[in-house]
Amino acid sequence: MSRVSGGSSAYLSRIPRSALMSVPNHSRNGVLAGRSVGRIGYGAMQLEFESDAVAVLRRARELGVDHIDTAGFYGGGAVNALIRRALHPYPGDLMLVDKIGAEHVEGGLVPAQQPAQLRAAVEADLRTLGAERLDVVNLRRVDNPPGIVATGDQIVDLDDQLAELITLRDEGKIGAIGLSAVTADQLIRAAPADIVCVQNLYNLLERTDDALLGECAARATAFVPFFPLGSGFSERAHVGAHPVVREIADRLDVTPSQIALAWLLARDPHILLIPGTRSIEHLEQNMAAARIRLDAQALAALDGIAAAPAVG
């Protein structure tokens, strides 16, 4: 199968007409914190390792990205500094979504869950980004793997954390509050704080949070799956390697990763995607996934993967 670069328009020209959505532009939009955003945004975590990060970020904006997800602990602030260099002063339509709850130390990440640490992280990220306010701040809980897990005094009550975030919101330092790596019960408990989004591990091969997705949909809360391609942890399968995904990608003449993203978009209208990449070509392909239509045969085959063992 031929793969070409040269911009999302050029790439879309190679997708068969039968695979393209024929729908109004607004149906490809979602809602985050009361604002309309494209359903495919950009996750900036990988930029820590990219020498052309500024070019990638600027190309994302050219392609219409209006939702960028970041965190001060990505590269110990290096990623936020790159975002500022590439995009400051920030356009009015751009939503900067930050994440707190960990900090970068020599050797990796450690939990930073105490309310005072949350406040310090928000204030540090405001300075590094050169922003007056963070549109959304996601509290990254670290109760269970994958990733770091809280122990000792880092095991903090959710209510205490939310109280600090509400105070920061009242002060105008953050616009809205989100949650990351939480359960449906935690979302229900946090609901009085007016939670606007949830970020959890979710993709075609890992659907343990279907109930949480349903809770978000019932509350009209955005659900933002991280690692939508399943490649965030080495021990987990990459969605694009699954033979069913590859078969459908070949039939529709698109990439397996595009099939994985298109399936998530079809799964529920409250799902917003933030796929990360260090490649402009992959960025363009990710954005083009918003226009891929999965027919009934493809959806049935992909939905049926849930009961099958993941492959590496």
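Start by selecting glutamine 186, which sits in helix H6, residues 184-190. Keep in mind that you are looking at a predicted model. Is glutamine 186 buried or exposed? At 15% relative accessibility, this residue counts as buried. Now show its side chain together with that of aspartate 143: a polar contact of 3.0 Å joins the two. Then add threonine 183, whose backbone nitrogen lies 3.0 Å from a polar atom of the glutamine 186 side chain. To fill in the surroundings, leave aside neighbours within four places in sequence and select what glutamine 186 touches: Arg141, Asp143, Leu158, Leu179 and Ala181.

**Into the core**

Leu179 makes a handy stepping stone. Together with Ile68, Ile83, Ile259, Leu294 and Leu302, Leu179 belongs to the residues with the most contacts inside the largest nonpolar core, which has 78 residues. Which helix gives this core its largest share? Colour helix H9, residues 256-267, and you have the answer: 7 residues of the core come from there.

Next, centre on isoleucine 83. Beyond its neighbours within four places in sequence, isoleucine 83 is in contact with Ala44, Leu57, Ile68, Thr70, His88, Tyr90, Leu96 and Leu129. Before moving on, pick out Leu32, Met95, Val97 and Leu272, which are among the 12 residues of a second, separate core.

**Salt bridges**

Switch to the charged side chains. How many salt bridges are there? The count comes to 18, and a few are worth a stop.

Select arginine 35 and aspartate 135 first. Their closest N and O atoms are 3.7 Å apart, and the two form a salt bridge. Follow the chain between them and you'll cover 100 residues: arginine 35 is in strand E2 (residues 35-38), while aspartate 135 is in the loop between helix H4 (115-129) and strand E8 (136-140). Turn on a surface and compare the partners. Arginine 35 is partly exposed, with a relative accessible area of 28%, whereas aspartate 135 counts as buried at 13%.

Now go to glutamate 284 and arginine 59, whose side chains meet in a salt bridge at 3.0 Å, N to O. This pair also links distant parts of the chain, with glutamate 284 in helix H10 (residues 280-288) and arginine 59 in helix H2 (residues 53-62), 225 residues apart. Glutamate 284 is buried, with a relative accessible area of 6%.

Back to helix H9 for another bridge: the side chains of arginine 267 and aspartate 210 meet at 3.4 Å, N to O. Arginine 267 lies in helix H9 and aspartate 210 in helix H7 (residues 210-218), so the pair ties together parts that are 57 residues apart in sequence. Arginine 267 is partly exposed at 29% relative accessible area, and aspartate 210 is partly exposed at 32%.

To finish with the charges, select Arg119, Glu123, Glu164, Glu171 and Lys173 in one go. These residues are linked in a network of salt bridges.

**Aromatic rings**

Time to show the rings. The whole structure has 4 aromatic pairs. Zoom in on tyrosine 202 and tryptophan 263. Why do they count as stacked? Their ring planes are at 20°, with the centres 6.4 Å apart, so the pair is stacked; planes under 30 degrees apart count that way. Tyrosine 202 lies in the loop between strand E10 (195-199) and H7, and tryptophan 263 in helix H9, so here too the pair ties together parts of the chain, 61 residues apart in sequence. Both tyrosine 202 and tryptophan 263 are buried.

For another geometry, select phenylalanine 226 and phenylalanine 227. This aromatic pair is edge-to-face, 5.3 Å centre to centre with 90° between the planes. Phenylalanine 226 is buried, with a relative accessible area of 15%. Then return to Tyr202 and Trp263 and add Phe223: these three form one aromatic cluster.

**Last stop: the cysteines**

Where might you look for disulfides? The count is 0. Select cysteine 197 anyway: it is in no disulfide, and the nearest cysteine sulfur, that of cysteine 216, is 8.8 Å away. Cysteine 216 is likewise in no disulfide, with the sulfur of cysteine 197 as its nearest. Check the surface here as well. Cysteine 197 counts as buried at 2% relative accessibility, and cysteine 216 counts as buried at 0%.

Note on methods: Residues numbered from 1 in each chain as written. Predicted model: local features only at pLDDT ≥ 70, side-chain atom pairs only at ≥ 80, totals over all residues. Heavy atoms only, no water. Core = buried A, V, L, I, M, F, W, Y, C linked by side-chain atoms within 4.5 Å. Buried < 20%, exposed > 50% of the residue type's maximum accessible area, 1.4 Å probe, protein only. Helix = DSSP H or I, 4+ residues; strand = E, 2+ residues; numbered from the N terminus. Contact = heavy atoms within 4.5 Å. Salt bridge = Lys/Arg side-chain N within 4 Å of Asp/Glu carboxyl O. Phe/Tyr/Trp six-rings, centres within 6.5 Å; stacked < 30°, edge-to-face > 60°. Disulfide = S-S within 2.5 Å. Polar contact = N/O pair within 3.5 Å; in protein donor to acceptor, adjacent residues only side chain to side chain.
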